[in-house]
Amino acid sequence: MIDLLVKYCKAYTMENEGECFEAFTVKDGRISELVHEIPDRYEANAKQVIDMEGKAIIPGLIDSHVQFMPTCALRQRAIKVSEIVDGVM
């Protein structure tokens, strides 16, 4: 029995560039399987099903944020915020 099936999503693993899965299963609080296409048996064996309606899921961004607006404002005024070219800042 699967605890949770998350389907119709764009689940990115960040392990391989561009790798994306349509669904994944969760068992005992952990992702147990990533799948490109959802076999019918998954829904029948899932305690809960979430339809993500094509939304993206990206792991590892817990409590992550970017000071986007101040950065944009500084860039508009031609103030160099940071730039890395050939590995040198």
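**Cysteines and strands in a predicted model**

Me: Why is there no bond between the sulfur of Cys9 and the closest cysteine sulfur?

Reply: In this predicted model, the closest cysteine sulfur to that of Cys9 belongs to Cys20 and lies 7.1 Å away, which is too far for a bond. A disulfide requires two cysteine sulfur atoms within 2.5 Å. Cys20 is therefore in no disulfide, its nearest cysteine sulfur being that of Cys9 at 7.1 Å. The structure as a whole holds zero disulfides.

Me: What makes Cys9 count as buried?

Reply: The relative accessible area of Cys9 is 6%. Buried means under 20%, so Cys9 is buried.

Me: Why is Cys20 called partly exposed?

Reply: Cys20 has a relative accessibility of 26%. The term covers values between the 20% limit for buried and the 50% limit for exposed, so Cys20 counts as partly exposed. Across the protein chain, 19% of the 89 residues count as buried.

Me: How do you know that β2 and β3 pair?

Reply: Pairing requires at least two bridges between the strands. Strand β2, residues 10–12, and β3 share two bridges, so they pair, and they do so in the antiparallel sense. Tyr12 has Cys20 in β3 as its bridge partner.

Me: What makes β3 and β7 edge strands?

Reply: The open sheet has three strands in the order β3-β2-β7, with mixed pairing. β3 (20–21) and β7 (56–57) each have a single partner strand, so one side of each is left without a neighbour in the sheet.

Notes. Residues numbered from 1 in each chain as written. Predicted model: local features only at pLDDT ≥ 70, side-chain atom pairs only at ≥ 80, totals over all residues. Heavy atoms only, no water. Buried < 20%, exposed > 50% of the residue type's maximum accessible area, 1.4 Å probe, protein only. Helix = DSSP H or I, 4+ residues; strand = E, 2+ residues; numbered from the N terminus.
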